[in-house]
Amino acid sequence: QDVTPLTSKASSAVRDFFLTYRIFAKGYLHVVSGKLNDLLDRAAHDLITANRSVLEDQLPGSRKWACFRRVVATVLLADTRVAGGGGAREAGGEDGGNDSVCAHDKLFERVKESYKEEDGIVSAAVVHKRQCSTAHLGADEDIVCDLSLAIDGMRSLYTLPCAIDKVTVLRQVSQDINGAVERAIADGSIPANVKIGSDDLLPLLIFVIIQSCANSAGTPLRKVSSSPSLSVAAPRACSPQVGASTPCHNAACSRGSVYSNAQLLQHFGADTSDPNSAQHLFDIATFQAAADFLLHEGSKLPRHRALSRSGSPLNGIGHGLSSHTAGIAESERARERERARARERDETHASRSAHSPEMLHLPGLPAHSEVAGPWEAREAGEQLGTVPGALAAHTRGGAERGARTANDVPGVAKSWVETGAG
């Protein structure tokens, strides 16, 4: 009856939100999502208060609250226009003029801007793994099925602006994957004793994501199988209208926003307080795990290896991936340092072997005849800090100290210490 709380106060609050949070910093997306969710909670509560006679049973804590709040959030963000540009253009005017977009689009635009580097790395992994079968990605080798419906559904997910709609499509994609396995079992393509679990669902979802991004949007599909021989979709021989996939409004979006979509769903796709959202939360977590896997694989490719070692594109990535990748990079750096030390030891040993004991001279230390006594020898040894045991024997008055450490010095240096001790 009275929608004023949405059309005036709530819409202005949404525009103010995007003016306040112009950058979604990685690692703090949960803070931004908390602010937006509080705003949407207030809008739903104000709408109920203004229409208490008909909406009293929708109050927070009631069984109908979660569904009502989800509807309010979807409609409010869809009807609120926010400037499409940034800076001064975005600050001027309530609706942003002719270039305005709905708040759903603006929200995803901000998330994509924060995770554009991760999207690039995932896109490289998609290209690299587009020939992989589900078995190569970790699924049971017996699982060979037609995943065309799931791939089409995943493509449509990229074109939707609303996070809640994306979650609904993701739920359907999961059901299509399970349905493909059940149909394959029914027709004998998969042994009847094979059961699909979460360990198999993740590789199948990764395969679906790769194929939905790797193939051109809107390309008609032949049977897309999880087997290696049919792991890539090919054009149908019949007309494009038959069996064609849902066209993507933006092909670049279809190819390059997997990680951004995962982060959008992770923080804005489901209400954790909704008791009925458990299945949606599971689907979102699986989708995030698939995106993390592709990010990890892409970070190992040559063109992105330098970035992954520096850590710049991986900062702020949650769910343990950034620390895992950073650990791998640190291990590689440690092995490189060890190889450098080994080369240095080999060069030092070769240099020592090329000189007679009498000609061996440690850099930074006076020659044997230039050190007059034990005090000078001690001072010279302290200046070098970490000096091998042969140092004291090389200086006058250090014979006893050289003899004690002779066992720590290999090869020619040891014989030289023994000579100096004598």
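## Arginine 183

Setting aside residues up to four places away in sequence, R183 touches D146, L149 and D176. This contact set is taken from a predicted model. R183 belongs to helix 9, which covers residues 163–186. With a relative accessible area of 45%, R183 is partly exposed, because that class lies between the buried limit of 20% and the exposed limit of 50%.

One of the residues touched by R183 is D146. Along the sequence, R183 and D146 are 37 residues apart. In space, their C-alpha atoms lie 8.8 Å apart.

## The chain as a whole

The protein chain has 422 residues, and 42% of them count as buried. Its secondary structure consists of 19 helices and two strands. The chain exposes about 21500 Å², of which carbon and sulfur atoms supply 53%.

Among contacts in the protein chain with a separation of 6 or more, 69% join residues 24 or more positions apart. A pair of residues far apart in sequence is A66 and S277, with their positions 211 residues apart along the chain and 9.4 Å between their C-alpha atoms. A66 sits in helix 4, residues 65–79. The relative accessible area of A66 is 14%, so A66 is buried, the limit for that class being under 20%.

## Helix 12 and helix 13

Two packed helices are described by the angle between their axes and the distance between the axes. Helix 12 spans residues 258–268 and helix 13 spans residues 278–299. Their axes come within 9 Å and cross at roughly 150 degrees. Angles over 145 degrees count as roughly antiparallel, and helix 12 and helix 13 are therefore roughly antiparallel to each other. The crossing of these two helices is left-handed.

From helix 12, the residues in this contact are V258, Y259, N261, A262, Q263, L265 and Q266. They meet I284, F287, Q288, A291, D292 and L295 in helix 13. By class, the contact has eight nonpolar, four polar and one charged residues. Helix 12 is mostly covered, with ten of its eleven residues buried. The buried residues of helix 12 are V258, Y259, S260, N261, A262, Q263, L264, L265, H267 and F268.

## Helix 10 and helix 13

Helix 13 also packs with helix 10, which runs over residues 198–214. Here the axes are 9 Å apart and the angle is about 65 degrees. Helix 10 passes helix 13 in a right-handed crossing.

On the helix 10 side, the contact is made by S198, L201, L202, L205, I206, I209 and I210. On the helix 13 side, the residues met are F282, T286, F287, A289, A290, F293 and L294. These residues divide into twelve nonpolar, two polar and no charged. F287 of helix 13 is listed in the contact with helix 10 and also in the contact with helix 12.

## Threonine 286

T286 is one of the helix 13 residues that meet helix 10. Which residues does T286 touch, not counting those up to four places away in sequence? They are L201, L202 and L205, and these three residues lie in helix 10. T286 has a relative accessible area of 10% and is therefore buried.

How values were computed. Residues are numbered from 1 along each chain as its sequence is written. This is a predicted model: local features need pLDDT of at least 70, side-chain atom pairs count only at pLDDT 80 or more; totals for chains, interfaces and linings use all residues. Side-chain values use heavy atoms; hydrogens and water are left out. Axes are lines fitted to C-alpha atoms, for helices over the stretch in contact, and angles run from 0 to 180 degrees between N-to-C directions. Helices (H or I, at least four residues) and strands (E, at least two) are DSSP runs, numbered from the N terminus. Angles under 35 degrees count as roughly parallel, over 145 as roughly antiparallel, 65 to 115 as roughly perpendicular and the rest as oblique. A crossing is left-handed if the near helix is turned anticlockwise from the far one by less than a right angle, and right-handed if clockwise. Contact means heavy atoms within 4.5 Å. Ala, Val, Leu, Ile, Met, Phe, Trp, Tyr, Cys and Pro count as nonpolar, Asp, Glu, Lys and Arg as charged, and the others, Gly among them, as polar. Buried means under 20% relative accessible area, exposed over 50%, partly exposed in between (1.4 Å probe, protein chains only). Accessible areas come from the Shrake-Rupley method with a 1.4 Å probe; for residues, only the protein chains shown count as cover.
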